[in-house]
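Here is a short tour of a two-chain model, with an eye on how its chains meet. Have the sequence and structure open as you read.

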Amino acid sequence: MHATEFLLPTRFGTGGLGGCYAPETLMQPLLDLEEAFRMALDDPSFRVELKSELRHFVGRPTPLTSATRLAAKFGLQGLFLKREDLTHTGAHKINNAMAQALLARRMGKSEIIAETGAGQHGVAAAAACARLGLKCTVYMGVTDMARQAPNVARMRLFGTKVVPVEAGQGTLKEAVNEALRAWAARCDKAHYILGSALGPHPFPTMVRTFQTVIGEEARAQMLEQTVSLPDAVIACAGGGSNGLGLLVPFLGDDLHRFAVEAGGHGSALGEHAARLDGGRLGVLHGCKTLLLQDQHGHTAETASISAGLDYPALGPELAALALDGKIEVLRASDAQALEAAQWLCESEGILPALESSHALALLPELAKRGFATVLLGLSGRGDKDLSTYQSKLGI
Amino acid sequence: MNKLLPFIMAGDPSLAALPQLLAEAKALGIEALEIGLPHSDPIADGPVLQAAAHRAIQRGATPLRVLEMLAGLTESPDLILFTYLNPLLQIGADRLLDLLWPTPVKALLVVDLPDSEEAEFEAKLRTAGFPMIPLLSPTTDIERAKGLLERRPDPGPGHPFAQRFAYVVARLGVTGTGDTTDLAPVRERVAALKAISDRPLAVGFGLSDSAAMAEVRAMGATPVIGSALVQALANGGGLVDILRSRMNG
Ligand SMILES: Cc1ncc(COP(=O)(O)O)c(C=O)c1O
């Protein structure tokens with residue numbers, strides 16, 4: 001395989017976000033990856049294989065659950081939860097990880113490199129690699145390893161090597177730095193499974209493509225269960241993979257689309273991960289997008305109780321859709337997310353991930369704005385966050 | 001032929017020491033030198049240059065302060081500003097040109113900027129006399145190399161080495177001292193590149209000892225000393241001592 005140019009669009013929206021700002025060493029691997037991705041999508045046998053893995057291993061389709069008690073609490077007519085928390089490994093991340101692992105195998109790569117923040121992508125990549133017999137190495141910041149310890153243990157049980165990243169704040173940004181470096185060193189043998197709709201082309205497009213199964217299923221399930229579409233669709237946004245996965249299939253519909261960022265514990269730079277208000281266009285990790293940065297173009301520190309949302313850049317496609325007015329981006333604070341997690345536990349018997357709780361936290365706001373029925377992406381389950389819930393909620 | 005292309009990180013060991021280091025390099029006969037503008041997220045750098053960048057940032061070596069410190073320096077080799085795109089993009093092409101004019105900077109090497117991505121920005125700098133140096137890596141095959149060299153052309157023999165050379169990345173991965181880089185494949189790549197271009201070549205990433213430097217010179221290319229120099233300077237070594245032994249052979 002030897003692609004010489006990209007054939008898919010590399011840019012998003014009127015601002016031309018995205019692109020491929022990669023070191024030369026990674027350019028040929030990225031060109032080859034785009035070609036492999038295009039060929040796989042055109043190959044019925046790949047689609048059959050992926051569909052079968054999603055059904056029999058991942059557990060798709062995931063249910064759409066009507067959350068009537070929680071809806072009533074806020075005076076919503078209907079609230080529907082797209083249950084990515086019920087996938088194998090417990091978050092939407094497995095949709096993309098499994099698809100890219102299959103792609104890597106097609107490309108003849110025997111090793112996988114991945115980064116992880118909350119650990120959900122790392123666990124998903126580890127599980128997919130165990131199933132396909134690929135060697136897997138996951139880079140994870142030391143802060144995240146401490147706050148998402150159960151996921152570190154799960155990765156190790158699946159035979160994955162977890163490499164602690166000490167640099168900086170020890171969170172997702174540093175993990176991506178280290179994964180990119182590792183990929184540059186091993187790009188002849190390894191495929192890098194990026195876990196969100198981030199990074200240089202073709203990653204944002206590829207990850208979004210593998211995640212839109214969420215919204216496609218949810219749209220059909222809404223029509224089946226309620227005979228109509230919701231008034232609003234909402235998801236949380238770290239890099240933006242579950243958000244795009246849920247929202248993109250609704251872009252042609254006359255309804256409101258929301259993505260929720262981490263408001264952290266304050267509005268000053270360094271106290272949150274709210275890129276829409278706090279960020280400016282810049283380049284990080286291979287793409288141009290909304291970026292939290294200081295006046296010198298150095299990446300700013302971020303803060304969030306949720307490891308999966310604690311990242312300084314919004315994925316370029318989601319940022320472009322936000323800037324072009326197609327998706328509204330809101331924020332929820334640490335405290336709001338913690339409270340929202342309790343609502344779902346007490347009203348519906350479902351323990352959400354801290355990331356997903358950020359979307360739940362905006363339900364009162366949506367009700368206040370007059371939306372009657374809401375579809376919410378429950379991107380993951382909260383088992384990994386039990387120790388945070390225990391210490392913060394005193395239970 | 002240019003014997004050695006050193007790399008130092010602006011602001012490490014200190015910004016105040018920079019003019020003195022550059023003057024020493026010039027007195028030693030160094031024609032061109034890469035000067036790193038520290039970035040918070042150096043994705044193509046190994047531990048030594050990462051640490052140097054973070055120390056430099058902590059000591060206040062912002063892009064503006066570095067460029068202001070370089071303004072008006074005459075006792076300096078020609079400089080190649082080695083950095084990542086975002087700090088430059090935030091300054092913007094027009095203001096960046098104003099800042100570059102009074103400095104010894106002659107060209108830029110922006111690790112995460114392929115020639116397709118910011119065409120307008122790059123053209124503005126090139127037209128004003130600040131070309132981007134092309135990088136050629138082990139994953140760059142000869143056809144791709146031809147395209148890269150054409151799109152970032154040699155301004156010609158009337159121009160200094162700093163503006164003419166192409167940078168051959170010796171190994172997969174990031175900058176650093178690490179394991180000794182196997183130079184046999186590099187020799188082949190350099191020969192293949194010389195067959196398609198008259199341009200001067202520099203070879204860097206992973207070279208540290210005098211033997212490796214001599215081996216690169218024997219290929220007809222200029223060796224780059226980066227991490228090994230930065231580490232030695234950080235340990236309190238003197239630039240002249242570190243470079244002198246590596247300039248010959
Ligand atoms: C459960 C869950 N939801 C959401 C996210 C945020 O990522 P993205 O915005 O790519 O969906 C993560 C990331 O780790 C996650 O684990």
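## The interface in outline

Buried area is the accessible area, taken with a 1.4 Å probe, that two parts lose on being put together, summed over both. In this predicted model, chain B and chain A bury about 2700 Å² between them, and carbon and sulfur atoms give 52% of that area. Three residues stand out here: B:Asp41, B:Ile43 and B:Arg144 supply 21% of the area that chain B buries against chain A, more than any other three residues. In terms of residues, the contact takes 35 from chain B and 35 from chain A.

## Polar links across the interface

How many salt bridges does the rule find across the interface of chain B and chain A? There are four. One salt bridge pairs A:Glu24 with B:Arg144, and their closest N and O atoms are 2.8 Å apart. B:Arg144 is thus worth a second look, as it is also one of the three residues named above for their share of the area that chain B buries.

Counting polar contacts between chain B and chain A gives 24 residue pairs, both residues being at pLDDT 80 or more. On the chain B side, helix H2 (47-58), helix H4 (85-91), strand S5 (135-136) and helix H7 (142-151) each supply at least two residues that touch chain A. The largest share, five residues, comes from H4(B). Sorted by class, the side of chain B that touches chain A has 18 nonpolar, 10 polar and seven charged residues.

## Chain B as a whole

Stepping back from the interface, chain B has 12 helices and eight strands. Its C-alpha atoms fill a box of roughly 40 × 40 × 35 Å along the principal axes. The radius of gyration of chain B is 17 Å, which agrees with the value near 18 Å for a compact globule of 249 residues.

Of those 249 residues, 60% count as buried. Among contacts in chain B between residues at least 6 apart in sequence, 79% join residues at least 24 apart.

## A closer look at A:Arg147

Over in chain A, A:Arg147 is found in helix H6 (residues 142-147). Is this arginine buried or exposed? A:Arg147 counts as buried because its relative accessible area is 17%, and the cut-off is under 20%.

The side chain of A:Arg147 makes a polar contact of 2.9 Å with that of A:Asp144, and another of 2.9 Å with the side chain of A:Asp310. Leaving aside neighbours within four places in sequence, the residues in contact with A:Arg147 include A:Thr171, A:Ser304, A:Lys384 and A:Thr388.

Note on methods:
Residues numbered from 1 in each chain as written. Chains lettered and ligands numbered in written order. Predicted model: local features only at pLDDT ≥ 70, side-chain atom pairs only at ≥ 80, totals over all residues. Heavy atoms only, no water. Contact = heavy atoms within 4.5 Å. Salt bridge = Lys/Arg side-chain N within 4 Å of Asp/Glu carboxyl O. Polar contact = N/O pair within 3.5 Å; in protein donor to acceptor, adjacent residues only side chain to side chain. Helix = DSSP H or I, 4+ residues; strand = E, 2+ residues; numbered from the N terminus. Nonpolar A, V, L, I, M, F, W, Y, C, P; charged D, E, K, R; others polar. Rg over C-alpha atoms; globule rule 2.2 N^0.38 Å. Buried < 20%, exposed > 50% of the residue type's maximum accessible area, 1.4 Å probe, protein only.
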